[in-house]
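Visitor: I am new to this structure and should like a close look at one part of it, the surroundings of the ligand. Please describe them, and then the parts of the chain to which they lead.

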Amino acid sequence: LWNKHKVQKFNTSEEFEEKFISHVEWTLARSLYNCDDLAAYQATSQSVRDNLVIDWNKTQQRQTVRGGKRVYYLSLEFLMGRALDNALINMRTDTSAQDVGKTDQVLTKGNTSREMIRQAMKDLGFKLEDILEQEPDAALGNGGLGRLAACFVDSLATGNFPAWGYGLRYQYGIFAQKIINGYQVETPDYWLNFSNPWEIERAEIQVPINFYGYVDRTNGEQSTLAPSDWIGGERVLAMAHDMPIPGFKTSTVNNLRLWNAKPTTEFDFSKFNSGDYKNSVEQQQRAESITAVLYPNDNFEQGKELRLKQQYFWCAASLHDIVRRFKKNGRPWSEFPDAIAIQLNDTHPTLAIVELQRILVDLEKLDWHLAWDIVIKTFAYTNHTVMQEALEKWPVGLLGHLLPRHLEIIFDINWFFLQNVEKKFPHDMELLSRVSIIEDASSDRQVRMAFLAIIGSHKVNGVAELHSDLIKTTIFQDFVKIYGANKFTNVTNGITPRRWLKQANPKLAQLISETINDPNDDYLLDMSKLTELSKYAEDAGFQKKWNDVKQFNKLRLADLIKRLNGGVDVIDREHIRNTLFDIQVKRIHEYKRQQLNIFGVIHRYLEMKEMLQSGGSIEEVANRYPRKVSIFGGKSAPGYYMAKLIIKLVNSVAEVVNNDAEIQDLLKVYFIPDYNVSKAEIITPASDLSEHISTAGTEASGTSNMKFVMNGGLIIGTVDGANVEITREIGEDNIFLFGNLSENVDELRYNHQFHNPELPKPLKRVLDTVESGAFSPQNHHEFKPLTDSIKYHGDYYLVSDDFESYIATQDLVDEVYHKNKKEWLKKSILSVANVGFFSSDRCIEEYAETIWNAEPVKPE
Ligand code: 26Q
């Protein structure tokens, strides 16, 4: 019977076809004659999932039997994108020499399961590409932090680490962005509309979660350090949904467990008896609201009660699950940190620290200090920002109302911590108040989550070298003094080359595997193999192939843009080879400075117009400002006024520039609506140049910079975040850096407070033009808040200080791209050759070694 069961895994295209048809008929209850692309996507996914589930079970069993240390990655965001194509790529097993020629034709070529399935789909009358397009993105994240978590689970599975992700199963992911009259409009992302074949509902795993209520101390006088009784006032169930996470070229399939909030089946009899039936039903309905929607802020904290409820719901459910699994082994509590590492993705899961302490003290009756020692050894915290407005704080009143016992525990943690500080630095009241978990500002007291996360963890890491240095000298300076510098470390971010090279850019992947003679794509596991490419950096034949791939990808993006633009072409395909694709796609934020980019575009446009007006020919203009398309994309938080205004400005400039016949298509501007992971897979491979131009010291790392470099795009950027290490890895000749350095930012800002910045002439002309209504004829004042923030409100993001350096560097870009294409291609090839460091596999190995002390569990 077991063998028969095993056969259910398909190995050939015939077996896949059989499986596919049975899913069409049994799972979807349809006939093959009535199977559209959406149904074909569902049936394909179900078939692939069957294979994964078999490996999932084996993986879980293996990891349990071997008993190694388990890693849990707690993240409120997992920006996964699509699963099907990724599964097809990762499921790849190389045909072993002895099997070649044994099975069907497709497999004999030493080919991937993906090719096999493409062939099978073709036999059945479907086109794989169309089927893949049916899948909605799993968009359970805002931006960098959420996508990082998605890359990490890919690398954890690929590295065979016994690791689970824990998150929330939001019914609505990040909103879909529509652009209407140039403005962002948010519409709900109901991604579960058609059933989701990638999730496995675990109806048997339901964890009761309590909120509100009180701590019962009626049994005599009790210390808050002793086991205490929290009587919850509202109860909700957390139900598990699992997503299989396949590793690349391994049968390891890990798990991403997402919690869904459900009403309890208990009935509130007190309300029922008092005749308040309607109220008791309403309270049950409230349960579902906890996992209804992802908060759409990126790098900005908002103290909403529902958000805190989400955080506790998720932490409590995950911790319960982790502790239950640990207890099955019957090991003593003191070994908990040897069995388990929990990584906190930012401060969002900080309550997990408090919850574990509560479980150990209140439920398991451990001594406070023994418990606390276990907690610290278990947790580690990743910081993703130095910006004050992004640091999480919760009002003491709100936290104590929702979680009365947890607040007591936080006060006790703080009490012991401050005592230790006092011992080490006697009589330094200032220090005590600076590092206290409780911020005692005049009116309201707040819980500083980052401080709690540091105090409850054994390691704290930043996400790029510059950032990790900055947190030690700014926001966490006092904690370095208290704990020593060794508690703080750096793990520079990375991205998965499976999705961001192989999947997004199949043409480049093919050229690479041919060139470095790696037909089985082993370079995707060992990116140092890419250095082989350096040999061909100046080879004319290779440069041509390299450039052809780029042209293909630019055409692919031009097609997407045409489709998004209602079927009207924006980009002149005839000249696409000589059109520089200049791209900035990321969340819209003042610190990321999309405004600097669009002001640069306006400057270019004004220069072109001026040349023409003073009698220059279009050829002369084209010589000075060669063909370029400037592409933007990204979402703004719905309540972020300035970011939304930047989006409107980009669209307004596009309207004017794209319709100006005089400049003859030499400059185009386009804002891609609804930027998301699957669009990024088309956009990233198409850049000649991408922009990573944050004010120095503000972007913790950035990860799209790595994606663009991995796809042969060059970068214009500030000396910020991971740009610093990218420069070191690929060489300073291969990146266009500009602008002030982070060490000068404070002084520049300080000076702006006393006198408005002196605007460089070209910037003044740009701002004057914007204020003249050139881009907003109906409302001349529309963009005044943007120009005013530079002119009169201290130019906090230093646009005026960096503008001239920016446009001078853009001139240099034009020069190399248009006058020295060979040089450009050389830079592009050398960039890819040396991008290996930014694989998230390297990143996960660093976490495993320096923070988790975890080892892979390899399949035999
Ligand atoms: C906090 C409280 C309440 C509501 C929302 C939030 C919240 C949500 C999302 C705060 C921050 C975020 C997201 C932050 C983020 O994406 N940071 C980025 O992380 C990347 C991965 O490390 C870095 O590359 C980026 O530099 C950093 O901006």
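**The shell around the ligand and what lies behind it**

Guide: The residues of the shell around the ligand divide into six nonpolar, 13 polar and five charged (Ala, Val, Leu, Ile, Met, Phe, Trp, Tyr, Cys and Pro count as nonpolar, Asp, Glu, Lys and Arg as charged, and the others, Gly among them, as polar). The model is a predicted one, in which local features need pLDDT of at least 70 and side-chain atom pairs count only at pLDDT 80 or more, while totals for chains, interfaces and linings use all residues. Residues are numbered from 1 along each chain as its sequence is written.

Of the 24 residues around the ligand, those that come nearest are G144, L145, E301, A700 and S701; a residue is near if its C-beta atom, placed from the backbone, lies within 6 Å. Helix 8 (residues 144-158) gives the largest share of this shell, three residues (helices, H or I, have at least four residues and strands, E, at least two; both are DSSP runs numbered from the N terminus). Domain 2 (140-493 + 845-852) and domain 4 (543-740 + 810-831) each supply at least three residues to the shell, with bounds that come from an automatic or database domain assignment.

Helix 8 leads from the ligand to a sheet. Nine strands form this open sheet, with mixed pairing, in the order 7-10-11-4-1-12-13-17-18; strands pair if DSSP finds at least two bridges between them. Its edges are strand 7 (200-211) and strand 18 (488-490), each of which pairs on one side only. From one strand to the next, the twist averages 25 degrees (axes are lines fitted to C-alpha atoms, for helices over the stretch in contact, and angles run from 0 to 180 degrees between N-to-C directions). Within the sheet, strand 10 (residues 234-246) pairs with strand 11 (residues 253-263) in the antiparallel sense over 11 bridges. One residue pair shows where they meet: V236 has P263 in strand 11 as its bridge partner. Helix 8 packs on the sheet and touches strand 1 (70-74), strand 4 (163-168), strand 10, strand 11 and strand 12 (340-345). The direction of helix 8 makes about 135 degrees with that of strand 11. Helix 19 (residues 465-473) also packs on the sheet, where it touches strand 17 (459-462) and strand 18. Its direction makes about 165 degrees with that of strand 18.

Domain 2 also holds a helix pair. Helix 13 (residues 351-363) packs against helix 16 (residues 404-424) at an angle of about 95 degrees, and their axes are 10 Å apart. Helix 13 is therefore roughly perpendicular to helix 16, a term for angles of 65 to 115 degrees (under 35 is roughly parallel, over 145 roughly antiparallel and the rest oblique). On the side of helix 13 the contact is made by L351, V354, Q357 and R358, and on the side of helix 16 by R405, H406, I409 and I410; contact requires C-beta atoms, placed from the backbone, within 7 Å. These residues divide into four nonpolar, two polar and two charged.

Attention now turns to domain 4, which also supplies the shell. A second open sheet consists of six strands in the order 21-20-19-22-23-24, with parallel pairing. Strand 21 (667-672) and strand 24 (736-738) are its edge strands. Neighbouring strands are turned by 20 degrees against each other on average, direction ignored. Strand 23 (residues 714-718) and strand 24 pair in the parallel sense over three bridges, and F738 in strand 24 is the bridge partner of T718. Helix 29 (residues 723-730) packs on this sheet, touching strand 22 (689-692), strand 23 and strand 24, and its direction makes about 135 degrees with that of strand 23.

Domain 4 has a neighbour in domain 3 (497-527). The C-alpha centres of domain 3 and domain 4 lie 25 Å apart, and their contact takes nine residues from domain 3 and 12 residues from domain 4. On the domain 3 side, helix 21 (497-503) and helix 22 (506-515) are the elements that give two or more residues. Helix 21 contributes the largest share of that side, four residues. By class, the domain 3 side has six nonpolar, two polar and one charged residues.

Notes
Contact = placed C-beta atoms within 7 Å.
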